[in-house]
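The following exercises are to be worked through with the sequence and the three-dimensional model in view. Each task sentence is followed by a solution in steps.

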Amino acid sequence: EVAAEIAQGDLDSVAVTEALLARIEALEPKLHSYITVMGEQALERASAADALRDQGKALGVLHGVPIAVKDLCHKRGYPTTGGHSFRKGLISDSDATVVVRLEAAGAIILGKLATTEGAMVGYHRDFQVPRNPWGDLDRWPGVSSGGSGVATAAGLCFASLGADTGGSIRFPSAANGIVGLKPTYGRCSRLGIVAFASSLDQAGPIARTVRDCAILLRTMAGHDPKDSTSAEIEVPDFEAALERDIRGLRVGVPKEYRVEGMPDEIGKLWDQGVAWLEDAGAETAEISLPHTGYALPCYYILAPAEASSNLARYDGVRYGLRVAAGSVDEMYEGTRAEGFGAEVKRRVLIGTYVLSAGYYEAYYRKAQQVRTLIRADFDEAFERVDLIATPVAPTAAFGLGEKLGDPLQMYLSD
């Protein structure tokens, strides 16, 4: 709607951007969703967007619309922290491919949004925790794209860019009452996005409507020859697909996802969603994904292994934090001990252990084999059904103090 009104001249991008910057200034002291606000550049781009429109130039689908991006995505001339104290003060010298594509469609980048340390579970002591805008500001904002979820839900941007490894788009979207999508791996380029687990990370849109997600995904998706994991497949018109009805679609409901201890309210919401699908003409059936019980331990071998490899570069030698010491080994030890928070250290240790010479075959390779079995469950299910309906998470957004101090409870949410 905003894009259309700007294109028609009923709104100016500058006025819209100024209004959002004023809202950020008013609410950010309570919400902590932004790490960096790029106000001056945003207003310059908004002014240029209005000038292009006034000249009758062709406009992109997001022309003049202010959005924001998770602080894992590089933006030239601005810091990209990835939630690490190691990266504070480091200025990006290039843009992430997904950012380039959003700007090419006319989007105005308002700033960089808060993320957990290394996109894992906890926030580093140098960064504030975003506050879920609903209720008493004391609810879980979701995991690493929490800043994106909060800013989008609170109207501090019209949509945002997140990244998801084990739920980091889907959880913040559910916790903040908005819409988020983790696209299929390879659909969006990972170039210029700080890595957590390279075989799982994927950028995706967070917005207040399904249509907005469709517009953003079509804009940011597509093959990137600079990213070897980018899929060379056609990008469909996701927005046009929203006009189709769902009569005749086959919907699977996996029996294994009714996990022990799941609150009744979550089960009822799930059942309500399935009933809505049936009322709209879809056919539903119970299905089985028999290896579901192995998914979490499999993930918590593969993701920490890849994280430990990716985080090896934070050693104090090339950039970022360095703790002075008498020898190189002592400098490594001191720098990494000081620079990483408890959760990152925990995952680095797990990952290094499962990749070590004596345990690689027993853990990492075995987890890769189990991953193949889990995928085969879904391949088999999709022979029978078109889509699978599940809850996003086994609980509603809990109080900030309830689980964040218990890593195992947080792991069980993934």
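**Exercise 1. Two positive phi angles**

A119 is placed in the loop between β3 (108-113) and α5 (146-153). Helices (H or I, at least four residues) and strands (E, at least two) are DSSP runs, numbered from the N terminus. The model is a predicted one, in which local features need pLDDT of at least 70 and side-chain atom pairs count only at pLDDT 80 or more, while totals for chains, interfaces and linings use all residues. Residues are numbered from 1 along each chain as its sequence is written, and side-chain values use heavy atoms, with hydrogens and water left out.

Task: State the phi of A119 and of H32, and decide whether A119 is buried or exposed.

Solution.
Step 1. Most residues other than glycine have a negative phi.
Step 2. A119 is not a glycine, yet its phi is positive, at about 65°.
Step 3. H32, which is also a residue other than glycine, has a positive phi near 55°. H32 belongs to the loop between α2 (13-31) and β1 (34-37).
Step 4. Buried means under 20% relative accessible area, exposed over 50%, and partly exposed in between (1.4 Å probe, protein chains only). A119 has a relative accessible area of 5% and is therefore buried. H32 counts as buried because its relative accessibility is 16%.

**Exercise 2. The overall fold**

Task: Determine how many helices and strands the protein has, and compare its radius of gyration with that of a compact globule.

Solution.
Step 1. The protein contains 15 helices and nine strands.
Step 2. The radius of gyration is taken over C-alpha atoms, and the globule rule is 2.2 Å times the number of residues to the power 0.38. For 414 residues a compact globule would have a value near 22 Å, and the protein has 22 Å, so the two agree.
Step 3. The C-alpha trace spans about 65 × 65 × 45 Å along its principal axes.
Step 4. Of the 414 residues, 48% are buried.
Step 5. Contact means heavy atoms within 4.5 Å. Among contacts between residues at least 6 apart in sequence, 75% join residues at least 24 apart.

**Exercise 3. The nonpolar cores and α7**

Task: Identify which residues have the most contacts inside the largest nonpolar core, and which element gives the largest share of this core.

Solution.
Step 1. A nonpolar core is a set of buried Ala, Val, Leu, Ile, Met, Phe, Trp, Tyr and Cys residues joined through side-chain atoms within 4.5 Å.
Step 2. The largest such core has 47 residues, and V98, L102, L161, F196 and M220 have the most contacts inside it.
Step 3. Elements that give two or more residues to this core include α4 (97-104), β4 (159-164), β6 (202-207) and α7 (210-220). The largest share, five residues, comes from α7.
Step 4. Beyond residues up to four places away in sequence, V98 touches L161, C188, S189, I193, A203 and M220. A second, separate core has 15 residues, among them L20, L31, A42 and A151.
Step 5. In α7 the buried residues are C213, A214, I215, L216, L217, T219 and M220. Their cover includes α4, β4, β5 (179-180), β6 and α8 (238-241).
Step 6. Just after α7, G222 adopts a positive phi of about 125°.

**Exercise 4. Sites in the helices and one loop**

Task: Classify T335, A367, K255 and D279 as buried, partly exposed or exposed.

Solution.
Step 1. T335 lies in helix α11 (residues 328-339) and counts as buried at 0% relative accessibility. Leaving aside residues up to four places away in sequence, T335 touches F86, D315, G316, L321, R322 and V323.
Step 2. A367 lies in helix α13 (residues 360-384) and counts as buried at 4% relative accessibility. The C-alpha atoms of A367 and C298 are 5.1 Å apart, although 69 residues separate them along the chain. With residues up to four places away in sequence not counted, A367 touches C298, I301 and L302.
Step 3. K255 is in the loop between β7 (250-254) and α9, and it counts as partly exposed at 46% relative accessibility. Not counting residues up to four places away in sequence, K255 touches E286, I287 and S288.
Step 4. D279 belongs to helix α9 (residues 264-279) and is exposed, with a relative accessible area of 68%.
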